[in-house]
Every structure is written in C-alpha cells, then in structure tokens.
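Biologist: Before we look at anything in detail, could you take me through how one reads a helix end and then the enclosed spaces of a model?
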Amino acid sequence: MSTGVRARNESAWLLPNDGTRTDHRLRRDMRRFSDDDEVDLVIVGCGAGGSVLAQRLARAGWRVVALDAGPFWDPDTDWVSDEAGSHHLYWTDPRVITGADPVPLGSNNSGRGVGGSMVHYAGYTPRFHPSDFSTLRDDGVGADWPFGYEELRPYYAAIEQELPVAGEYWPWGDPHGYPHRPHPVGGNGELFLRGAGKLGITAKVGPVAIANGRFGNRPHCIYRGFCLQGCKVNAKASPLITHIPDALAHGAEVRADAMVTRVGMDERTGRATGVHYVSGGASRFQRAAMVAIAGYSIETPRLLLNSASPRYPDGLCNEFDQVGRYLMVQGAPQTAGRFDAEVRMYKAPPPEVSTEEFYETDPAKEYKRGFAVQTVSPLPITWAEHVAAQGHWGRALRDYMSDYVHWACLGSLCEFLPLAGNRVTLADETDSYGLPVARFAYSQCDNDKALVTAAQHVMEDILTAAGADEVITIKRYAHLVGGARMAKDARHGVVDGSCRTFAVPNLYITDGSVLPTQGSANPALTIMAVAARAADHLISGARRGAG
Ligand SMILES: Cc1cc2nc3c(=O)[nH]c(=O)nc-3n(C[C@H](O)[C@H](O)[C@H](O)COP(=O)(O)OP(=O)(O)OC[C@H]3O[C@@H](n4cnc5c(N)ncnc54)[C@H](O)[C@@H]3O)c2cc1C
Ligand code: SF4
C-alpha cells in the first residue's frame, strides 16, 4: 500500500527520519511568487478542500499560491496538550447568529490557519452513503447531487490511504475496508461496544484518520487524547501534515497570515483576475488565471457577498440569490453516562467507536433520513460545559467535575435537512479589516427535531444497557457545510458538479460549502474527496485547453 501512496503523496516521507515532527526546510525553501506573477491558480484557504486542491495541482505542474488568513502552524512550538491553551486554533472573529435555533460559532465550528479546521477536528473520517447523493429522489427531502456516490468512490479510497484511515471493515453504505487496522479502544469505546452489543446494535471501531503504527516517517498514536487540541505528535491527519508538505515539495507557495478581502474581477469580461488580500497591514493583490475559494461554509459565502461590484451588485455568483443558502449543521446531542468503575475517557483518542445502524431512512419512523452515534470523550473543560448546559452550577458542578473519571460520553450526528432560509448574509457589523461580518440565520424543521429525540433515546439506551446508573443529555450542533452548493443549474446552486461556479468561468469553490446534503457522516473526508475530484477535472480540462 505504502509504495502506491508515496508515489502520489510523499508528505509522510518528507519528514526527516529522526523524530522531528516538522520539516522546517520545506517552508523555508518553498517557491515564492510575486503579486505581479499571474499564477495559474490562487486558492483562498488552506483547510480540508484548499490543501488537497493545492497539492494535486502543484503535482500536475500548476503554479499555485494558497493564501490563508491564519498562521502557518508549527506543531512543536505552537501547540500544547492543554485544553485552555489551544484556543488560538479556532476562528473566533465576530459573526452574528440569529434564527429560531441559532448556532453558536467559534471553537466547535471552524479553524484558522494552514490545515484549517482539521487541525483541531476529532479525526473521524467516514464516507457518505450512496443514498446521500439522491435524498430528494428517494426520500422526498433534501437535494440530489449532480453526480452519484460511484464518482467519489476512487477519491475516497485514495484519500483514506493518504491520511491514512484506521478502522474495522465497514459494513454500512458502500461496504469497504481501511488501510490501517483498527486502534485498540479505551474505556469509553469499551462501554459503547458493551451497551450496543446488549441491545443487538452493531458498532465498529473506526474509521479514524490516526496512524496506527508508523506511516512513512510520521509517528504512531500514543493514545493521550488531545486530538481536538492539534495532536502535537502528528499521528492524527490534517492537511498541514498530510497534503501541504507534498504541495510545497512540488512548487506550491503557501502564504500564511494573508486575509483575502475580495475576489478581483474584470468587469468587462466577467472573469476573475486574482484576489485582494491584506498581509502585515498592507493591502495587496495576487494576480491569477484562476481562483478557487475554500474558506469554510461561513467565510466562503461571506467572501462572495463581500465581492459585490457594479456588474455583481448582489454579490459574486448570486444572480439567482443562491449564495449563503442551504447551509447545514448537524444536530449533535451528547449523552454522558456514569459508571461505578473508573472509565477515564480521556485516555484514548476521542474518536474510537461508531455505529451507522440508524443512518438510513426507516419507513417505520415518522422522520426521514437518520443519525450516527460515536464516542466523543470530552476533556475536563468541555465536560464542565456539558454539565453546566444541564443547569448544574456551584456545588453540583464541582461534584460532577470531581467525578469526571467515572463518566463515559457518546455523541450523535443527526442529518439536519438543507433549507433555503438557513443562510449566511452580511451583517451591519464590520471586522478588523472593515469588512461586513457574516450573519448566520438557522432554524430547525420538525424532521430535524424528531431526529434529535430519536438519537437521544438510542444513546441513553446504549449507556444504560452498558451499566450506567445516571445519564444526562445536552443538545448541541456540529459541522457546518453548504452555503454555495453544487447543483445541476444556476437557479438551484452556485457551482456545477466539477465545483466551477456557474457565474464566473475561472472561479471554483472547493470546500465544504459545495455539499448539497450532509448525511450523518463527519464531512472532512468527503470535502477532501470532492476537492480531489475537482482537481482531476481541472487537470484534464487544462490538457484539453479549457479554462
Ligand atoms: C472541533 C471540531 C471537530 C471536528 N471533528 C471532525 C471529525 O471528527 N471529522 C470530520 O470529518 N470533520 C470534523 N470537523 C469538521 C471539519 O474539520 C471541517 O468540516 C473541515 O475542515 C471543513 O473544511 P473546509 O475546507 O470547508 O474548511 P477549513 O478546513 O475550515 O479551511 C478553511 C480555511 O480557510 C481560511 N480562510 C477563511 N477565510 C479566509 C479568507 N478570507 N482569506 C484567507 N483564508 C481564509 C481559514 O483560516 C481556514 O484555514 C470538526 C470541526 C471542529 C471545529
Ligand atoms: S490520541 Fe493519538 S491522535 Fe489523538 S492527540 Fe494523542 S497521539 Fe494524537
């Protein structure tokens, strides 16, 4: 397996084979373009989607510059295995939230800096199910993608090898295996497996993008549970570790601390000319023959709206009022259970075990679509938030905190439906660059609420069956996608099936914004697979002389 992966992505082998966790030479010696060079492609955002695109196109010989608003992280010096000390990884710029069920934004939603949100994501990397691509046709809800699951299958398999993903044979959706064997599980995972087993629910170990054993010169997991704080060890995959090094080695430039403020347009031809950005307090413009935006589901629509001009008075690509719409978030209730024996859920990666038994539409239920259940294992601060969200304060909160080692915790991902009214618009408030910030309105429909209730019952049943004497559930959200979705035409979305915007022929969007549905799977693997597929389209289009 390794030989094939190495031939197409050498990131893990570019690390020095001496225990070093970062190859500083790659950054120091990377190719640098000047603003006046018309590069082949400028990418906005070096997260899940942007990094894969940069790596693929750099390998194909394209002259690529990828800009990110945040820093170029150095795991050795910038990250700490400490919950409070990791706050700087999050995108905490102001955003306005509204709607009947507003979604709190910040640490649980998006990251800032090279590697994007995957720097502090949990590490679960399931595939979407084939049914996710045609929910409107088959279930009468949601939307249909312009292409089916089979189109993504080879890209899923390729990215799973590059991260790499560890897990048991996966029996759900399109059944498949994983390149790395499943990890041993800790106390939380054992209890999940025990409770599910008693109820006849199949649960499996994985799939997680955490190296099980050495991968190239990357070290293996040491099971100390700081995956959501950046993983100083570099056992957990993020584009900073898995795709950016290979991109640099193939001539891409990654320009950190560069906040893109608008897409440059030729008002006469209607083609993008590059991006305006701010770096070190100075306003600059990078020329490019092609632009790709990959700034996350909130910032991508915001950038399109902030790029309004006389030719595009309502924002770029917004002729049919589609930008910012159909933004989705997964309902993510969490249930904790108390056990007499010590669980010590922090002593393992939080992502360990999951079940997709409830993923598909069950005709016997009143709701459509479904949910997944996974271990989550909050560290103490997040545990305090869980308990406080239940209304426990003062003495009661302290008691729950001192009892931390006796608790196990599961989380659900419920497939909330894409609704036109759930959208990003521009607020009156401005940020430190003087740009209007995003205003995100969100309301749940009845189907969404029914899913959360059903998921809560399943999680409480599992933990009770495992022997919990008390269970507490809180409601929360996770994983934003959508907001510039793929569709068959411009009246229903912002980009086509190859991620090219309908409105501007040389403008692409290659992040989670383009997803028309979300299933109940964590989205990062799908975002990377979609970006890899878009890269192939660009490469073959260039060969044909299109662009
Ligand atoms: C706490 C947490 C846990 C998660 N756990 C999981 C998990 O277990 N599994 C999973 O699949 N997913 C998980 N996710 C979600 C996953 O990380 C995201 O869905 C994914 O990274 C989104 O990819 P993206 O390319 O859309 O954006 P991102 O990866 O967020 O990348 C966007 C990048 O764009 C940059 N940017 C934004 N605007 C601009 C601008 N104007 N100029 C320049 N740069 C800009 C940002 O700094 C950022 O680096 C988790 C997320 C969080 C926050
Ligand atoms: S548990 Fe493993 S993957 Fe998670 S932070 Fe620790 S070493 Fe990294």
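Modeller: Begin at Gly467, which follows helix H14 and has a positive phi, near 115 degrees; helices here are DSSP runs of H or I with at least four residues, and strands are runs of E with at least two, numbered from the N terminus. This is a predicted model, in which local features need pLDDT of at least 70, side-chain atom pairs count only at pLDDT 80 or more, and totals for chains, interfaces and linings use all residues. Residues are numbered from 1 along each chain as its sequence is written, chains are lettered from A and ligands numbered from 1 in the order in which they are written, and side-chain values use heavy atoms, leaving out hydrogens and water.

Biologist: What span should H14 have at 1.5 Å a residue?

Modeller: The expected span is 1.5 Å times one less than the number of residues, so the 20 residues of H14 (446-465) should cover 28 Å, which agrees with the 29 Å between its end C-alpha atoms.

Biologist: How many cavities of 30 Å³ or more does the structure hold?

Modeller: Rolling a probe the size of a water molecule over the atoms shows where empty space is left. On a 1 Å grid over the protein atoms alone, a cavity is a set of points where a 1.4 Å probe fits but cannot get out, and lining residues have an atom within 4 Å of a point. Points are joined across faces, edges and corners, and a volume is the space filled by probe spheres set on them. The structure holds 4 such cavities, the largest with a volume of about 170 Å³.

Biologist: Which element gives the most to the lining of the largest cavity?

Modeller: H10 does, with 3 residues.

How values were computed: On a 1 Å grid over the protein atoms alone, a cavity is a set of points where a 1.4 Å probe fits but cannot get out, and a pocket is an open set with protein on both sides within 12 Å along at least five of seven lines; lining residues have an atom within 4 Å of a point.
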